[in-house]
Amino acid sequence: KGVLIYDSVKIEKYQTITQMEARKELGLSNDYFYVLYLGGTSLLKGADTILKAIDLCENINLRCIFLGGDKLKHNSEILSYEQRIIQKAFKEMKRAEQIVLVPTSKEIEKWYAACNLVVFPSRDAHQALPIYEAGAAKRLMLISDFPNTQEFLRNMENGLVFCPNDADALADKILWVFRNRDSGDVEKMVSRNQEMTIRSHSDEHFAFMIKELFNL
């Protein structure tokens, strides 16, 4: 008999530091609205899409934290073909100053705490783990719309979605969140995602499902 057991996250791990504390520790300003991009220099995970989208976000106090983006500072000769594509897109940006290039981190929870919005703009169907991490961290999640993630995130219910590989649509969603960041709609989506994560994707729930499996 087959049993489906979902990924889980350590809820408490994402609730140990405040936004102000995280920004101070990571050297980020309190003056900006931060979008956290998860995916590094990967076309599959939408690195080029987020760069194009941020370039379309005009005249707002916004910065995008690009985890794994420090590679774009390297000499192109040592980069992979895929990384060179992303580097070219970065160099062609009109608003490259809005991108904060930082290394990948083992303390991902601090970056979640520091940001206002989490974005995972994959080109193809990919993992749903960032949805649960955002839920645990109480941050709004914006993700490409695919059947596999629709099971966990519904547009305007516990997060936001956009058509994959559509930088214009992604920019529109980011701007909507920026303008409505203090609204009840955003607060409700964040709360619902947190509730879903605690209910179905906590370590405690994972342990319960494992026990139930061996009791069959």
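**Notebook: helix 5 and its surroundings**

I began with helix 5, whose buried residues pack against helix 4 (108–114), strand 4, strand 5, helix 6 (147–150) and helix 8. The model is predicted, so I note that local features need pLDDT of at least 70 and side-chain atom pairs count only at pLDDT 80 or more, while totals for chains, interfaces and linings use all residues. Residues are numbered from 1 along each chain as its sequence is written, and side-chain values use heavy atoms, with hydrogens and water left out.

My elements are DSSP runs numbered from the N terminus: helices are H or I with at least four residues, strands are E with at least two. Buried means under 20% relative accessible area, exposed over 50%, and partly exposed in between (1.4 Å probe, protein chains only).

**Helix 5**

I found nine of the nine residues of helix 5 buried. Among them are Leu129, Tyr132 and Glu133. Just after helix 5 I met Lys138, with a positive phi near 60°.

Next I looked up helix 8 (residues 184–200): its axis comes within 8 Å of that of helix 5 (residues 129–137), and the two cross at roughly 110°. Axes here are lines fitted to C-alpha atoms, for helices over the stretch in contact, with angles from 0 to 180 degrees between N-to-C directions. Helix 5 and helix 8 are therefore roughly perpendicular, a label for 65 to 115 degrees (under 35 is roughly parallel, over 145 roughly antiparallel, the rest oblique).

For contacts (heavy atoms within 4.5 Å), I listed Ile131, Tyr132, Ala134, Gly135 and Ala136 on helix 5, meeting Asn193, Gln194, Met196 and Thr197 on helix 8. By class, I get five nonpolar, four polar and no charged residues in this contact. Nonpolar covers Ala, Val, Leu, Ile, Met, Phe, Trp, Tyr, Cys and Pro; charged covers Asp, Glu, Lys and Arg; the others, Gly among them, are polar.

**Strand 4**

Strand 4 (residues 117–120) runs parallel to strand 1 (residues 33–37), joined by three bridges, and parallel to strand 5 (residues 140–144), joined by four. Pairing needs at least two DSSP bridges between two strands. I matched Val35 with Leu117, and Val118 with Met141 in strand 5. Leu117 and Val119 point one way, Val118 and Phe120 the other, and all are buried.

**Cysteines**

How many disulfides does the structure hold? I found zero, a disulfide being a pair of cysteine sulfur atoms within 2.5 Å. For Cys64 the nearest cysteine sulfur, that of Cys57, is 9.2 Å away. Cys64 is buried, at 0% relative accessible area. The Cys163 sulfur is 17 Å from its closest cysteine sulfur, in Cys57, too far for a bond.
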